[in-house]
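Me: Could you walk me through the two chains here, and tell me how each label was earned?

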Amino acid sequence: MRLIPCLDIRDGRVVKGTNFVGIRDAGDPVELARFYDTEGADELVFLDITASHEGRPAVIDLAEKVAREVFIPFTVGGGLQTVEDIRAALLVGADKVSLNSAAVARPELVRESAEMFGAQCVVVAIDAKQCGESWNAFVHGGRKDTGRDVIEWAQEVVKLGAGEILLTSMDGDGTRAGYDLDLTRAVSEAVDVPVIASGGAGHAGHMVDAVREGRADAVLLAGILHDGVARISDLKSEMAAAGLRIRSTNRS
Amino acid sequence: MNLTLIDYGTGNLFSVRRALEVCGANIRVIHHPNEAKNSDRLVVPGVGAFGSCITELHRLHFNDAIKEHIATDRPFLGICVGMQMLMTTSYEFGQHSGLNLIPGTVQEIPNRTDSGEVRKRPHIGWTSLSEGQPWSNTILSQTTKDDRFYFVHSFSVVPDNPAHILALTDYDGHEIVAAVKKDNIFGTQFHPEKSGPAGLAILKQFLSL
């Protein structure tokens, strides 16, 4: 069971997250990453939402800065379109890449990158929204419905070589009312790779539910951490107290 | 003391280099086997598929350089696939010959638990280690049973001789060889360069052997 803070980055700065004690510059991704590392984060995810420009995706430069300073695994996503982009991100120290719209636009990218660099570094991010009795995958920051069923899409990308699914409930995102357990469980039971639950975390109990009932292998956190509502060290203590096997906070 | 890091195109080279740097190593990154001579320490990182890694290692003729280094009795460290390549044979996507420096195989983690539940792969996560051979005077001499290390893999090594197992870990009821040791050869399945302070402590220990 892993606890993974997610940082949204735009133009080299963290978009959300200012209410920290003891941080000089909460807008600096590296500073924030270091903070989360000492707090006991198991991994980090950086999603660059800078509008794509031509040439080298900005997230590659970010990956290099993070890798110089932080010695826990991290994933980068946003603007990675080609195998060459992915190679560049991995070579500067990213452990995994997260593919979303690019995978929908060209599913072969998942296969090519998994064959080239190994399934363990290919995360496919799926933004899911309830449509009647099931869920559809959305892209472009949730603005565009692909018309694809989330379960089928998850199974397809795993067949192509994805080593992990980052599953965000768009309905739950930002509500702090808990992860979508039905969605998480449905996807987790449909694939044989780890699933990271995302969207809706409000407190440690939600994270315990995501693992126990949702069968998630990891949980992603953003809002409650960035707003200073919760601390990783406290969340982990509560999860451990609930009986989950979790790495305790880093010794310093 | 100089440490040599072999660059054969593997993805985690940068991270391993940075981690060793903050541990105080004086590092040379080499691209040619001749440069491996007279190294006090040799490190081979590795991620991805066994087949492509060993193919590149051979294509760049690093296999003999590694064997020559090991014959000098100076410490060697292989990380993840860099460790798996020390074995005799890997069964990842077909069958591949390794360097045969530690007799044994590289095998897939079973995808079912003993009770028939799905065991997800890759195995991704932080787990603690238990002792194989004694940890004193090894890379794990500063490691405690509470320390956890970052694993990300679907295959793991099975040495023929249990005496070559330095540490074990558990994944969903499956025993995984987490570290190996044979004379001056060390290998870790986990990533010390990505395991926070506990991982850096292992790299420091490797430097001070």
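**Two chains, label by label**

Me: How do you know that 64% of the contacts in chain A join residues 24 or more positions apart?
Reply: First, the ground rules: this is a predicted model, where local features need pLDDT of at least 70 and side-chain atom pairs pLDDT 80 or more, while totals for chains, interfaces and linings use all residues. Residues are numbered from 1 along each chain as written, chains are lettered from A and ligands numbered from 1 in written order, and side-chain values use heavy atoms, without hydrogens and water. Now, a contact means heavy atoms within 4.5 Å. Among the chain A contacts with a separation of 6 or more, 64% fall at 24 or more positions apart. In chain B, contacts between residues at least 6 apart include 69% that join residues at least 24 apart.

Me: Why is chain A called as compact as a globular protein of its length?
Reply: The radius of gyration is taken over C-alpha atoms, and the globule rule is 2.2 Å times the number of residues to the power 0.38. For 252 residues the rule gives 18 Å and chain A has 17 Å, which is close, so the label fits.

Me: What makes chain B agree with a compact globule?
Reply: With 209 residues, a compact globule would come out near 17 Å; chain B has 16 Å, so the two agree. Its C-alpha trace spans about 50 × 35 × 30 Å along the principal axes.

Me: What makes a residue count as buried, and what share of chain B is buried?
Reply: Buried means under 20% relative accessible area (1.4 Å probe, protein chains only). By that cut-off, 61% of the 209 residues in chain B are buried, and 57% of the 252 in chain A.

Definitions and conventions:
Buried < 20%, exposed > 50% of the residue type's maximum accessible area, 1.4 Å probe, protein only.
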